[in-house]
Amino acid sequence: MKSISLIQFLIEERRAGRVNAELSLLIEVVARACKRIAVATNKGALGGVLGEAGTGNIQGEAQKKLDVISNEILLEANAWGGQLAACASEEMEDPQPIPDMYPKGNHLLLFDPLDGSSNIDVNISVGTIFSVLRCPDGISEPKAEHFLQPGTTQLAAGYVVYGPATVLVLTFGHGTHEFTLDREVGSFVLSRRDIRIPEETGEFAINVSNQRHWEPPMQRYIGELLAGTDGPRGKDFNMRWVASMVADVHRIITRGGTFFYPLDAKIKSKGGKLRLMYEANPMAFIVEQAGGAATTGRQRILEVQPTGLHQRVPVFLGSKKEIEVATHYHLVADGAQG
Ligand SMILES: O=P(O)(O)OC[C@H]1O[C@](O)(COP(=O)(O)O)[C@@H](O)[C@@H]1O
Ligand SMILES: [Mg+2]
Ligand SMILES: [Mg+2]
């Protein structure tokens, strides 16, 4: 079978009118930056990239050296390409406009430069998540408010998992596709086109250590899964939790399953754990384009109207039928559904 590189794939998408030249170039630049992050990640202790950076981010979380390195790689790579008006990152309080000395484009790029930071030092898969929005017309210096567009307006979203293989998963809203990095050649090669997530599953992912803090409908839903063949669902469910969202989502788009980071009493005041703009929206776009579903437990994630760049939301995503059951339980508890 003839292998198709990411660049050839992007040319095909341009010919089909599914992506314009500027956006395809932007994706190429992001992919190139992620190759550099893959190299840094692979070096591990030998590259001096492990451990704490000794700084905190806007979220009040301690930054790892690789959080900072990955953020810098993405910012630097995207500064002078000419496709962007500004970048926003989980690691930075405010958006970073493209400096005046460089050509500007009309896209906004958002990223979680390194997802799953707690796994870096223990050599478990980490990743990068990104999303592309259109810069509103007439705005040359975009501010945070210009990024506050619902996920339905995303032009593209993707993630890269730095695991045993480095894998890029991408959508432009016409299906979800996977590319695997050929390290010898140095390019991403199409490995799965039009990925489909099975509608039903027997596997779920959740951090059960938070169980006592969950809301009653979440207690009910997970309780029924854990009851297995003896419970109302009448079947046994398996559980996985990597604690790198990219790796958990990649498992789901590979063999189905669900991922939950629900609201709990500890994080209620923050609105959730995962970030809407850098994690939830891009993953929801990718999962929906693969036939899965993504909700906050009460609402489709892609329809949430953002109110802040670093806003957090609960995340339920994966195999459609299970996400529907868990969401239904929440709406019933709220009295919104019978
Ligand atoms: O530590 P917990 O509660 O298991 O949370 C893990 C979740 O937090 C995250 O690590 C947050 O991502 P960051 O590493 O980008 O902060 C998700 O990837 C993951 O699903
Ligand atoms: Mg993250
Ligand atoms: Mg991160």
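The legends below describe close-up views of a predicted model.

**View 1. The two domains and the contact between them.** The domain assignment divides the chain into domain 1 (6–192) and domain 2 (203–333), and the C-alpha centres of domain 1 and domain 2 lie 24 Å apart. To the contact between them, domain 1 gives 37 residues and domain 2 gives 29 residues. On the side of domain 1 that touches domain 2, the elements that supply two or more residues are β5, β6, α4 (144–147), β7 and β8, and the largest share, five residues, is that of β6. Sorted by class, this side of domain 1 holds 17 nonpolar, 17 polar and three charged residues.

**View 2. The shell around ligand 1.** The residues that surround ligand 1 are E90, D112, D115, G116, S117, S118, N207, A243, S244 and M245. By class, the shell consists of two nonpolar, five polar and three charged residues. Both domains take part in the shell, since at least three of its residues come from domain 1 (6–192) and at least three from domain 2 (203–333).

**View 3. The eight-stranded sheet and the helices that lie across it.** The strands of this open sheet follow the order β4-β3-β5-β6-β7-β8-β9-β10, and their pairing is mixed. At the edges stand β4 (96–97) and β10 (187–192), each of which has a single partner strand, so that one side of each is left without a neighbour in the sheet. Further in, strand β8 (residues 166–171) and strand β9 (residues 176–182) run antiparallel and are joined by five bridges, and V167 has T180 in β9 as its bridge partner. Helix α3 (residues 65–79) lies across β3 (84–89), β4, β5 (107–115) and β6 (126–134), with its direction at about 155° to that of β5. Helix α6 (residues 245–255) lies across β5, β6, β7 (156–162), β8 and β9, and runs at about 105° to β7.

**View 4. The five-stranded sheet and the helices that lie across it.** This sheet is also open, and its five strands, with mixed pairing, come in the order β12-β11-β13-β17-β15. Its edges are formed by β12 (238–239) and β15 (293–295), and because each has a single partner strand, one side of each is left without a neighbour in the sheet. Three bridges connect β15 with strand β17 (residues 315–318) in an antiparallel arrangement, in which T295 stands opposite F316 of β17. Helix α6, which also lies across strands of the eight-stranded sheet, here lies across β11 (203–205), β13 (258–261) and β17, at about 150° to β13. Helix α8 (residues 320–333) lies across β13, β15 and β17, and its direction makes an angle of about 155° with β17.

**View 5. The surroundings of L274.** L274 belongs to strand β14 (residues 274–275), and it counts as buried because it has 20 C-beta neighbours inside 10 Å. Apart from its neighbours within four places in sequence, L274 is in contact with M245, Y261, E279, A280, R312, V313 and V315. Of these, M245 is also part of the shell around ligand 1, while R312 is 38 residues from L274 in sequence but 5.3 Å from it in space, C-alpha to C-alpha.

**View 6. The surroundings of S319.** S319 is placed in the loop between β17 and α8, and it is classed as buried because 25 other C-beta atoms lie within 10 Å. Not counting residues up to four places away in sequence, S319 touches I197, P198, E199, E200, T201, G256, G257, T258 and G292. With E200 the separation is 119 residues in sequence and 5.7 Å in space, from C-alpha to C-alpha.

**View 7. Two loop residues with positive phi.** Most residues other than glycine have a negative phi. N123, in the loop between β5 and β6, has a phi near 60°, a positive value in a residue other than glycine, and N123 is exposed because it has 11 other C-beta atoms within 10 Å. A243, in the loop between β12 and α6, has a positive phi of about 75° although it is not a glycine. With 15 C-beta neighbours inside 10 Å, A243 counts as partly exposed, and A243 is one of the residues that surround ligand 1.

How values were computed. Residues numbered from 1 in each chain as written. Chains lettered and ligands numbered in written order. Predicted model: local features only at pLDDT ≥ 70, side-chain atom pairs only at ≥ 80, totals over all residues. Near = placed C-beta within 6 Å. Nonpolar A, V, L, I, M, F, W, Y, C, P; charged D, E, K, R; others polar. Domains from an automatic or database assignment. Helix = DSSP H or I, 4+ residues; strand = E, 2+ residues; numbered from the N terminus. Buried ≥ 20, exposed ≤ 12 C-beta atoms within 10 Å, placed from the backbone. Contact = placed C-beta atoms within 7 Å. Pairing = 2+ DSSP bridges. Axes fitted to C-alpha atoms, helices over the stretch in contact; angles between N-to-C directions.
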